[in-house]
Amino acid sequence: MKHTTLQRHFWALSIILGLTAYSTQAASGQWVNLFNGKDLTGWIPVHDVKPEVVEGNLQIHKGMGWLRLEKQYKDFILEFEWRAYEEDYDSGIYMRAPLDGKPWPDAGFQVNLRYNALGALVKNRKTIVPAETPKLPINKWHKMRIEVRGNKAKLFINDEPNWETDLIDRPEGYIGIQIEDKKFDFRNIRIMEL
C-alpha cells in the first residue's frame with residue numbers, strides 16, 4: 001500500500017509531537033538542584049546580606065535581608081539540609097514571597113528556622129501555623145521538606161510530618177532564605193515543580 005507524501009509528513013509530525021509531549025511530561029516532576037556547591041548562580045542577595053560558599057555549602061552569617069532565587073514558583077516540593085552554629089539560631093525559608101518589604105518580604109510566607117519556633121509558618125511577622133518541634137541541636141545537619149500545592153502546604157522536619165495548612169493565599173512568588181546575622185549552612189537544596 002502506497003502512502004502519499006502528505007500522509008508520511010503527517011505521521012512524522014505526529015511522532016515528533018508525541019515525543020515532545022512525552023519529554024515535557026518526563027521533565028515535569030523531576031528534581032532540580034538549586035545550589036551547585038561552587039557559587040551563587042541562580043540566587044540574588046536582597047538588602048544588606050553577604051552569603052558565601054564555604055566548603056561546598058551555602059553559608060549565611062552577615063547582614064539583615066534574604067537570599068532569593070531568580071525565578072518565581074507556584075506549586076513545588078522543596079528539600080534542603082541545614083545546620084545552625086549558634087544556640088539562639090534564627091533564619092527562615094520564604095515561599096511565594098513578593099519583592100516588597102524591608103529587610104524581608106513580610107507578605108510572603110516564611111517557614112521559621114528559629115530555635116524557639118522551629119517550623120512555625122509566619123506571614124506579616126505573625127505566626128499563622130505554630131509548630132510543635134523541639135529545639136534541634138546545633139552543629140548538626142537537619143533536613144526540611146516543604147510541599148506547596150494551590151492553597152495547601154505541608155512541612156516535614158527530619159522526614160517527620162510537622163503540619164498541614166490550607167492558608168496559603170498567594171498563588172506564586174519567590175523562594176528565599178532569611179538572613180539575620182546568624183550563621184547557618186545549607187546544602188542539597190533541590191526543588192520539584194508540580
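The count of salt bridges in this structure comes to 16. The model is a predicted one, and the salt bridges are a convenient way into it.

Take the pair Glu-193 and Lys-71, whose side chains meet in a salt bridge with a distance of 2.9 Å from N to O. Glu-193 belongs to strand β15 (residues 184-193) and Lys-71 to strand β5, so this bridge ties together parts that are 122 residues apart in sequence. Glu-193 is partly exposed, as its relative accessible area is 37%. Lys-71 also counts as partly exposed, at 39% relative accessibility.

Another salt bridge joins Arg-125 and Asp-106, with 3.0 Å between the closest N and O atoms. Here the two partners are in loops: Arg-125 in the one between β9 and β10, and Asp-106 in the one between β7 and β8, so the pair ties together parts that are 19 residues apart in sequence. Asp-106 is partly exposed, because its relative accessible area of 26% falls between the limits of 20% and 50%.

A third pair is Arg-149 and Glu-147, where the closest N and O atoms are 3.1 Å apart. The two residues differ in how far they are open to the outside. Arg-149, at 41% relative accessibility, counts as partly exposed, whereas Glu-147 is buried, with a relative accessible area of 9%. This pair is also part of a network of salt bridges that links Glu-79, Arg-145, Glu-147, Arg-149 and Arg-190.

Strand β5 (residues 63-73) leads on to another residue, Tyr-73. Is Tyr-73 buried or exposed? Its relative accessible area is 6%, and buried means under 20%, so Tyr-73 is buried. Leaving out residues up to four places away in sequence, Tyr-73 touches Leu-34, Arg-96, Pro-171, Glu-172, Gly-173, Ile-175, Ile-191 and Glu-193. Glu-193 is the residue that forms the salt bridge with Lys-71. Tyr-73 and Leu-194 are 121 residues apart in sequence, yet their C-alpha atoms are 9.7 Å apart in space.

Next come the nonpolar parts of the interior. In soluble globular proteins, nonpolar side chains tend to be buried together. In this model the largest nonpolar core has 39 residues, and those with the most contacts inside it are Leu-78, Phe-80, Trp-82, Met-95, Met-144, Ile-146 and Phe-186. Strand β6 (residues 76-84) contributes the most to this core, giving 5 residues. A second core, separate from that one, has 6 residues, among them Trp-66, Tyr-94, Ala-97 and Tyr-174.

Phe-80 shows what the surroundings of a core residue can include. Apart from neighbours within four places in sequence, Phe-80 is in contact with Ile-93, Leu-113, His-142, Lys-143, Met-144, Ile-146, Phe-186, Arg-187, Asn-188 and Ile-189.

Phe-80 also borders an enclosed space. The structure holds 1 cavity of 30 Å³ or more, and the volume of the largest cavity is about 50 Å³. Its lining consists of Trp-43, Leu-78, Phe-80, Ile-93, Ile-175, Ile-177 and Ile-189. Strands β6 and β14 each supply at least two of these residues. What kinds of residue make up the lining of the largest cavity? There are 7 nonpolar residues, no polar ones and no charged ones.

The largest pocket, an open space, holds about 240 Å³. It is lined by 17 residues, of which Gln-110, Asn-112, Val-122, Arg-125 and Gln-178 are the closest to its centre. Two or more lining residues come from each of β7 (90-97), β8 (109-114), β9 (121-123), β10 (126-129) and β14 (173-180). The largest share, 3 residues, comes from β8. The pocket lining divides into 4 nonpolar, 6 polar and 7 charged residues.

Finally, some features of the backbone deserve a look. Most residues other than glycine have a negative phi, and most peptide bonds are trans. Arg-125 is not a glycine, but has a positive phi of about 65 degrees. Asp-159, also not a glycine, has a positive phi of about 70 degrees. This residue is in the loop between β12 (152-157) and β13 (160-165), and at 55% relative accessibility Asp-159 counts as exposed. The peptide bond between Lys-102 and Pro-103 is cis, with an omega of about 5 degrees. Pro-103 lies in the loop between β7 and β8, the loop that also holds Asp-106.

Note on methods
Residues numbered from 1 in each chain as written. Predicted model: local features only at pLDDT ≥ 70, side-chain atom pairs only at ≥ 80, totals over all residues. Heavy atoms only, no water. 1 Å grid on protein atoms, 1.4 Å probe; cavity = no way out; pocket = protein on both sides within 12 Å on 5 of 7 lines; lining within 4 Å. Points joined across faces, edges and corners; volume = space filled by probe spheres on them. Helix = DSSP H or I, 4+ residues; strand = E, 2+ residues; numbered from the N terminus. Nonpolar A, V, L, I, M, F, W, Y, C, P; charged D, E, K, R; others polar. Buried < 20%, exposed > 50% of the residue type's maximum accessible area, 1.4 Å probe, protein only. Contact = heavy atoms within 4.5 Å. Salt bridge = Lys/Arg side-chain N within 4 Å of Asp/Glu carboxyl O. Core = buried A, V, L, I, M, F, W, Y, C linked by side-chain atoms within 4.5 Å.
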